[in-house]
Amino acid sequence: MKPVSEAATALSRAESVYRSLAFHDFSEDLALGLNIGFYRTFAVPEIAQVLVSTGKMAKRTELRAKATGQMMYLLFRDGLDGARGAETVAALNRIHARWRISNDAFLYVLACFDIAPMRWCDTYAWRPTTEEEKEASHTFYRALADRMGIRDVPPAWGEFAAWMDQFEQARFTATSDAAELWAATRDLLTNRFPSLLGPFIRAAADALLDEPLRHAFGAPHPSAPVRALASGGMRLRARRIRHSHTNPGYRPVLPPSVRDLE
């Protein structure tokens, strides 16, 4: 029997930790963090132009979001090197091969999936993430990068976070593409609520963005009452989820697109 390599063992352990985050500990917040991470890519002109040119993100937003979510959660559930995981990685490579995308752009998208969800959980979830969980995330996404030919991933989560911050400072730009993508995505969120709540939900969504992201999207700066309500609502939500984790019969709430994975 061929011995299992140290790298394979480390990846298997990291996948187990990350799977627990995605499907149990942060079943609601990791999904939100992944969404917010993906939205950050709209602020980089090179990436926004590709997303708009496909016609799917702005015109078929819900289908595109569901497909992306399902592909990522298949990787979380089955691992990168399981049969389904390997098929999903191959599909990702085929999809992205159609476009001329720089390594830095690929690297930034990877950072948005690795760094942004952990930061979201640290800010809004029922508990902050641990260093072990951050490093498990980084091990998983470094391995995904290796399988997608993405080069120069920093070796540690903290180093990647610093790289991401510097990249955003240099590359975030307000464009019509970014505004179009954010408007379509925000409408998807708003449409899940009664129409009378639409204006408030749109303002609350803007309030959850940091200022550089709002500027890139051309989104208005929410009023102090809206910011306070959004922040208070997130604190109440975190308290509710924290309480639910103390219930012996706790059952994680998974994103709709994940509930019907094959």
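Colleague: Before we look at α2, what does buried mean here?

Modeller: Buried means under 20% relative accessible area, and exposed means over 50%. Partly exposed is in between. Keep in mind that this is a predicted model.

Colleague: Which residues of α2 are buried?

Modeller: Asp 29, Leu 30, Ala 31, Gly 33, Leu 34, Ile 36, Gly 37, Phe 38, Tyr 39 and Arg 40 are buried in α2. That makes 10 of its 12 residues, so α2 is largely enclosed by the rest of the structure.

Colleague: How should I read the length of helix α2?

Modeller: Compare the end-to-end distance with the expected rise. Helix α2 covers residues 29-40. At 1.5 Å a residue, it should span 16 Å. Its end C-alpha atoms are 16 Å apart, which agrees.

Colleague: What does the same check give for α1?

Modeller: Helix α1 runs over residues 6-25 and has 20 residues. From first C-alpha to last it reaches 27 Å, close to the 28 Å expected.

Colleague: Which residues of α1 are buried?

Modeller: Start with the general idea. An α-helix has 3.6 residues a turn, so residues three or four places apart point the same way. Now the case. The buried residues of α1 are Leu 11, Ala 14, Glu 15, Val 17, Tyr 18, Leu 21, Ala 22, Phe 23 and Asp 25. Look for that spacing along the list.

Colleague: Where is Phe 26?

Modeller: Phe 26 sits in the loop between α1 and α2. At 1% relative accessibility, Phe 26 counts as buried. Its C-alpha is 7.4 Å from that of Ala 125, and the two are 99 residues apart along the chain.

Colleague: Let us step back. How many helices and strands does the chain have?

Modeller: The chain has 14 helices and zero strands. From the N terminus on, every element in the run is therefore written α. The radius of gyration is 18 Å, close to the 18 Å that the globule rule gives for 262 residues, so the chain is as compact as a globular protein of that length. Along its principal axes, the C-alpha trace spans about 65 × 50 × 35 Å. Of the 262 residues, 47% count as buried.

Colleague: How many disulfides are there?

Modeller: First, the chemistry. A disulfide is a covalent bond between the sulfur atoms of two cysteines. A search of the whole structure finds zero disulfides.

Colleague: Why is Cys 112 not in a bond?

Modeller: Distance settles it. The cut-off is a pair of cysteine sulfur atoms within 2.5 Å. The cysteine sulfur closest to that of Cys 112 is in Cys 121, 15 Å away and too far for a bond. Cys 121 is likewise in no disulfide. As for accessibility, Cys 112 is buried at 0%, and Cys 121 is buried with a relative accessible area of 0%.

Colleague: Now pockets. What is the volume of the second largest pocket?

Modeller: The general idea is a probe. Rolling a probe the size of a water molecule over the atoms shows where empty space is left. The second largest pocket has a volume of about 760 Å³.

Colleague: Which elements give two or more residues to its lining?

Modeller: They are α3 (45-54), α5 (61-78), α6, α7 (103-124) and α8 (131-148). Helix α5 gives the most, with six residues.

Colleague: Which residues lie nearest the centre of that pocket?

Modeller: Of the 29 lining residues, Arg 64, Thr 68, Leu 92, Ile 95 and His 96 lie nearest its centre. By type, the lining divides into 20 nonpolar, four polar and five charged residues.

Colleague: How do I read the phi of Asp 152?

Modeller: Look at the sign. Most residues other than glycine have a negative phi. Asp 152 has a phi near 65°, a positive value in a residue other than glycine. Asp 152 lies in the loop between α8 and α9 (157-171). At 61% relative accessibility, Asp 152 counts as exposed.

Colleague: And inside helices, where is Ala 90?

Modeller: Ala 90 is in helix α6, residues 83-97. At 31% relative accessibility, Ala 90 counts as partly exposed. The C-alpha atoms of Ala 90 and Ala 116 are separated by 24 Å.

Colleague: Is Arg 239 buried or exposed?

Modeller: Arg 239 counts as exposed, at 54% relative accessibility. Its place is in helix α13, residues 224-245.

Key: Residues are numbered from 1 along each chain as its sequence is written. This is a predicted model: local features need pLDDT of at least 70, side-chain atom pairs count only at pLDDT 80 or more; totals for chains, interfaces and linings use all residues. Side-chain values use heavy atoms; hydrogens and water are left out. Helices (H or I, at least four residues) and strands (E, at least two) are DSSP runs, numbered from the N terminus. The expected span of a helix is 1.5 Å times one less than its number of residues. Buried means under 20% relative accessible area, exposed over 50%, partly exposed in between (1.4 Å probe, protein chains only). On a 1 Å grid over the protein atoms alone, a cavity is a set of points where a 1.4 Å probe fits but cannot get out, and a pocket is an open set with protein on both sides within 12 Å along at least five of seven lines; lining residues have an atom within 4 Å of a point. Grid points are joined across faces, edges and corners, and a volume is the space filled by probe spheres set on the points. Ala, Val, Leu, Ile, Met, Phe, Trp, Tyr, Cys and Pro count as nonpolar, Asp, Glu, Lys and Arg as charged, and the others, Gly among them, as polar. The radius of gyration is taken over C-alpha atoms; the globule rule is 2.2 Å times the number of residues to the power 0.38.
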